[in-house]
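This report goes through one protein model, from its charges and overall dimensions to single residues. The sequence and the coordinates are shown first.

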Amino acid sequence: MTPPSERRLVVAAILVDDLAAPTRLLAARRSRPVELAGRWEFPGGKVDDGEGPVEALHRELSEELGVGVVLGDELPGPDDGAWVITPRHVMRLWFARIADGDPAPLVEHDELRWLDRATLMSVDWLDGDVRIVSALEARL
């Protein structure tokens with residue numbers, strides 16, 4: 001198994017309605033690639049060479065959803081502070097609140113949906129995101 005430090009870094013946002021007392025989060029349904037289409041994830045993407053994780057997250061959210069955000073705390077994971085999501089990728093996530101724009105599925109998604117604690121597991125999350133979603137249930 002590839003250690004987390006040797007995997008490609010992906011960054012994502014846990015977009016919530018309120019950073020201090022979140023009651024729901026925004027999930028995005030993938031439209032591509034074919035093997036992931038129809039599954040749900042946290043919006044974000046890969047960090048480019050020479051780019052910092054926070055800078056990449058702001059860029060990805062602007063490209064994918066057309067929004068600007070205010071970042072809150074990072075959700076540290078059990079894998080050296082991150083979350084192993086595939087054999088080749090490790091993810092870091094931050095809580096975020098939309099500060100500018102109305103989110104829309106612009107690039108790799110075909111639907112966005114606000115989920116609360118009761119509906120959090122009602123969508124087909126990507127395998128790598130399931131344990132993250134489980135960790136968030138108590139926070140909503």
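The 16 positive and 26 negative charges of the protein have mean positions that lie 3 Å apart. The model behind this value, and behind the others in this report, is a predicted one. The accessible surface of the protein amounts to about 7,000 Å², and carbon and sulfur atoms account for 48% of that area.

**Overall dimensions**

The C-alpha trace spans about 35 × 35 × 30 Å along the principal axes of the protein. The radius of gyration is 14 Å; a compact globule of 140 residues would have a value near 14 Å, so the two agree. Of the 140 residues, 42% are buried. Taking the contacts between residues at least 6 apart in sequence, 70% join residues at least 24 apart.

**Secondary structure and sheet**

The protein has two helices and eight strands. Their order along the sequence is β-β-β-β-α-β-β-β-β-α.

An open sheet is formed by three strands in the order 3-2-8, with antiparallel pairing. Strand 3 and strand 8 (109–116) are its edge strands, each pairing on one side only. Strands of a sheet pair through backbone hydrogen bonds, and the pairing can be parallel or antiparallel. Between strand 2 and strand 8, which run antiparallel, there are seven bridges. In this pairing, L26 stands opposite W114 of strand 8.

**Two buried residues**

Which element holds I14? I14 belongs to strand 1, which covers residues 8–15. L57, in turn, is part of helix 1, residues 53–65.

Are these two residues buried or exposed? A residue counts as buried under 20% relative accessible area. I14 has a relative accessibility of 1% and therefore counts as buried. L57 has 0% and therefore also counts as buried.

Leaving out neighbours within four places in sequence, I14 is in contact with L25, F42, L75, L93, W94, F95, A96 and L136. With residues up to four places away in sequence not counted, L57 touches V11, A12, A13, P43, L71 and W94. W94 thus appears in the contact lists of both I14 and L57.

The table gives two C-alpha separations, one for each of these residues.

| Pair | Separation in sequence | C-alpha to C-alpha distance |
|---|---|---|
| I14 and W114 | 100 residues | 11 Å |
| L57 and G81 | 24 residues | 17 Å |

W114 in the first row is the residue that stands opposite L26.

**Backbone details in two loops**

Most residues other than glycine have a negative phi, and most peptide bonds are trans. Two places in the model depart from these patterns, as follows.

The peptide bond from R32 to P33 is cis, and its omega is near -10°. P33 sits in the loop that links strand 2 (24–30) and strand 3 (40–41). Strand 2 and strand 3 are neighbours in the sheet order 3-2-8.

D80 is a residue other than glycine with a positive phi, near 55°. The loop between strand 5 (68–75) and strand 6 (83–84) contains D80. How does the accessibility of D80 classify it, and what is its relative accessible area? The relative accessible area of D80 is 70%, so D80 is exposed; the cut-off for exposed is over 50%.

How values were computed: Residues are numbered from 1 along each chain as its sequence is written. This is a predicted model: local features need pLDDT of at least 70, side-chain atom pairs count only at pLDDT 80 or more; totals for chains, interfaces and linings use all residues. Side-chain values use heavy atoms; hydrogens and water are left out. Helices (H or I, at least four residues) and strands (E, at least two) are DSSP runs, numbered from the N terminus. The radius of gyration is taken over C-alpha atoms; the globule rule is 2.2 Å times the number of residues to the power 0.38. Buried means under 20% relative accessible area, exposed over 50%, partly exposed in between (1.4 Å probe, protein chains only). Contact means heavy atoms within 4.5 Å. Accessible areas come from the Shrake-Rupley method with a 1.4 Å probe; for residues, only the protein chains shown count as cover. Lys and Arg count as positive and Asp and Glu as negative; His and the chain ends are not counted. The place of a charge is taken as NZ of Lys, CZ of Arg, CG of Asp or CD of Glu. Two strands pair if DSSP finds at least two bridges between them.
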